[in-house]
Amino acid sequence: MAVPVEATDVVAPSSLDAAVAAFADGSDVTIVGGGTIVLPEITHGRVRPRRALLLGGAGLAGVRSESGRTTIGAMTSVADLESAPEPLGEAARHVADAEVRAQATIGGNLCAPPGVESPRGDLQAALIALGADVRSTGAGGERTEPVEAFLAAGPEGRLVLEVSFADPEAGASASVRRPHAHAYTIMRVCAARTGGEVRLAVSGAGPRGIRLKAAEAALAGGGDAAAAAERAVDDVTPQDDALASAWYRGKTLPVLVRRALNDLG
Amino acid sequence: MRLTVNGTEHDVLSPPLTPLLQVLREELSITSPKAGCQQGGCGACTVLVDGEPRRSCLTPIASIEGASVATVEGLGTPEELSPVQAAFHEHYAAQCGFCTSGFMMAAEALVQRDGETSREEVIEALSGHICRCTGYVKIIDAVTAAVNGDVDTARVEVDQSPRGDEAVTLIPGSPA
């Protein structure tokens, strides 16, 4: 049931500097990027922002590609990533539906609280596989860190500015989806080879994207896709939700690892 | 803040984080966008914002200051249906009707795009819209016809005769 939306102090900065200043240390600030996650929370009274920061006009959107490196502004829409290097492009093309992809942002995808009914953060596995760095600001100033470190620390008190990665030599992914009017991705394994090194990660197996280090080690030790698949669940505690059981996820994950690696070649 | 809806400018008084859906339905009494799931999953609230299909339940009005919004109320009239409306009529694409406004506005965005649109592109464009009567085939037929100009608005005659005074027999022989 929708509740009346309260009057909130809303700031809509028109430049990056103004956005950073308005966010300050992030206390008591609710970020509204694309709005696809936070608006329902406000509508249903689960989030009651005291101050809201609307980022639409802050100039944080856009994809740059230079010197073999791709840099993506935090407010870049998921739709604008559909042609990004693989496996990011494939993951982006299967988020929600065209209308939501046009509104949802990569920054929001990184900061998504874990979904209760279905997984969120479908781009996280791709970004981990690509070895992406996240540049953010907040208390203590700006910092750049690997996406896994950002996800582990959580988005509280951080304003994501941009995400960047070295363009991979190859990228691939494999997913299991639930047929629906718009097919939800239950779980997606992403693989990328950058500088000769293969990274593997999964989205949809737990509350956020997880790097599959044991499977990577099996590969680095000379194992093939099947050998890596055997170690697929070592880093993961599969979760239950409305889309699939933990048992099903545990059984499917090795298959996805094998398929993604075979596709990577 | 200012908002133009179907060509008419409005001063909106709702708080800035109010979803566009609530502003349209409750402040401006424009009720074709439906409040379905109110979390972006069903597509019943889709309207056009500056020509792009957008979930009004996910859009805070403060983020679209000065924008131009289009809803089904701005498409056609009972005397002169828009091509999308005529195609829905011709192909029997509405059952209960709850999802119809959202489908129509997504279709309208496709119609306004240039060039041929394949059936697969129509399906992809409509994939965020759920019809719980599951009348998808007829909806896709209608939208494919509309986007490719395969609809004759002049052929459509809408029966507008009042029903209130007539005894309507749903099943022959049953009480009215």
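Q: Which residue stands opposite Leu48(B) in β5(B)?
A: That's Ala70(B). By the way, this is a predicted model, where local features need pLDDT of at least 70, side-chain atom pairs count only at pLDDT 80 or more, and totals for chains, interfaces and linings use all residues. Residues are numbered from 1 along each chain as its sequence is written, while chains are lettered from A and ligands numbered from 1 in the order in which they are written.

Q: How do you know that β3(B) and β5(B) pair?
A: Strands (DSSP runs of E, at least two residues) pair if DSSP finds at least two bridges between them. β3(B) (residues 46-49) and β5(B) (residues 68-70) have two bridges, so they pair, in the antiparallel sense.

Q: What makes β3(B) and β4(B) a pair?
A: Four bridges link β3(B) to β4(B) (residues 52-55), again in the antiparallel sense. One partner of Thr46(B) there is Arg55(B). In their hairpin, with two residues between the strands, Asp50(B) takes a positive phi near 50°.

Q: Why are α2(B) and α5(B) called oblique to each other?
A: Helices here are DSSP runs of H or I, at least four residues. The axes of α2(B) (residues 83-90) and α5(B) (residues 136-147) come within 8 Å and cross at roughly 140°. Angles under 35 degrees count as roughly parallel, over 145 as roughly antiparallel, and 65 to 115 as roughly perpendicular; the rest are oblique. The angle of roughly 140° fits none of the named ranges, so the two helices are oblique.

How values were computed. A residue is buried if 20 or more other C-beta atoms lie within 10 Å of its own, exposed if 12 or fewer, and partly exposed in between; C-beta atoms are placed from the backbone. Axes are lines fitted to C-alpha atoms, for helices over the stretch in contact, and angles run from 0 to 180 degrees between N-to-C directions.
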